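Q: Could you show me how to read a few features of a protein model, starting with a single side chain?
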Amino acid sequence: MDRVQLLLIGLPLFLFCSDILNLFSPPPPSKPLPAKPIHQHPPIQQTLDLPIQQSIGGGVGYGNTITINFCSSCSYRGNAVTMSKMLETSFPGIEVILENYPAPLPKRLLSKVVPVFQVGVMGIVMAGEQIFPRLGFVTPPAFYFTMRQNRFGTIATAWLLGNALQSFLQSSGAFEVILNDELIFSKLKEKRFPSEFELKDIVGKRLSNSRIVDGRGAGVLWS
């Protein structure tokens with residue numbers, strides 16, 4: 001085989017091996033955040049009444065966490081970032097976490113077989129005359145000569161169809177919104193994206209209900 005054939009076969013093999021390593025290798029450890037300098041301030045004397053305690057508590061969303069699990073291979077990151085900015089603006093102090101929602105494990109494992117098919121097609125097209133005799137075939141099969149007549153078209157078709165199939169197998173189609181470990185919207189169930197107004201209304205109602213419950217508990221405690 002010449003250099004072009006080696007390049008066409010070696011590049012997909014390298015990409016396939018890198019995918020396998022990324023699938024089974026543990027995620028890299030997160031970098032520790034730099035320590036913030038501690039500024040000592042002189043103590044300030046103030047009365048500890050209820051209004052001051054409420055002002056120290058923070059914004060409307062203080063102490064609450066929203067997790068948006070989205071399908072990164074479906075190009076949903078833009079929608080997730082837009083929703084995150086809207087929630088942080090509408091509910092100051094709330095923490096929004098963006099995470100990838102992977103496809104099921106069988107689909108992810110099946111997607112790793114697609115590069116093997118692509119490499120096999122390219123190998124047969126470029127070096128079938130050397131491969132088939134080593135497999136015990138006296139003469140190559142008839143389909144080999146059909147593929148050989150239009151080798152570049154066969155390789156391009158296998159590459160494009162394989163990439164489309166791999167993208168389909170790696171996608172989950174998810175856009176799940178979780179507020180404090182409670183699922184408040186699921187694209188997998190609703191089969192649609194939430195609008196900004198809808199998601200803002202859902203989060204606002206949940207936060208107001210939690211504040212009412214906390215207020216009742218505080219009233220019982222202070223009484």
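A: Gladly! Keep in mind that this model is predicted. Begin with a polar side chain and look for its partner: the side chain of Thr154 reaches the backbone oxygen of Asn150 at 2.9 Å. Thr154 itself belongs to helix H7, residues 151–170.

Q: Is Thr154 buried or exposed?
A: To decide, compare the relative accessible area with the cut-off: under 20% is buried. Thr154 has 19%, so Thr154 is buried.

Q: Which residues is Thr154 in contact with, leaving aside its neighbours within four places in sequence?
A: They are Val121, Val125 and Met147.

Q: Now a residue in a loop, please. Where is the place of Asn64?
A: Asn64 sits in the loop between helix H2 (50–56) and S1. The test for burial works here too: with a relative accessibility of 13%, Asn64 is buried.

Q: What does the side chain of Asn64 join in a polar contact of 2.8 Å?
A: The partner is the side chain of Asn180. In addition, a polar atom of the Asn64 side chain lies 3.3 Å from the backbone oxygen of Tyr62. Beyond four places in sequence, the contacts of Asn64 include Ile94, Glu95 and Leu207.

Q: In which sense do strands S1 and S2 pair?
A: For a pair of strands, look at the direction in which each one runs. S1 (residues 65–70) and S2 (residues 95–100) pair in the parallel sense, over six bridges. One of the links is between Ile66 and its bridge partner in S2, Val96. Between the two strands the chain passes through helix H3 (residues 77–90), making a right-handed β-α-β crossover.

Key:
Residues numbered from 1 in each chain as written. Predicted model: local features only at pLDDT ≥ 70, side-chain atom pairs only at ≥ 80, totals over all residues. Heavy atoms only, no water. Helix = DSSP H or I, 4+ residues; strand = E, 2+ residues; numbered from the N terminus. Buried < 20%, exposed > 50% of the residue type's maximum accessible area, 1.4 Å probe, protein only. Polar contact = N/O pair within 3.5 Å; in protein donor to acceptor, adjacent residues only side chain to side chain. Contact = heavy atoms within 4.5 Å. Pairing = 2+ DSSP bridges. Right-handed = clockwise from strand over helix to strand, strands pointing away.
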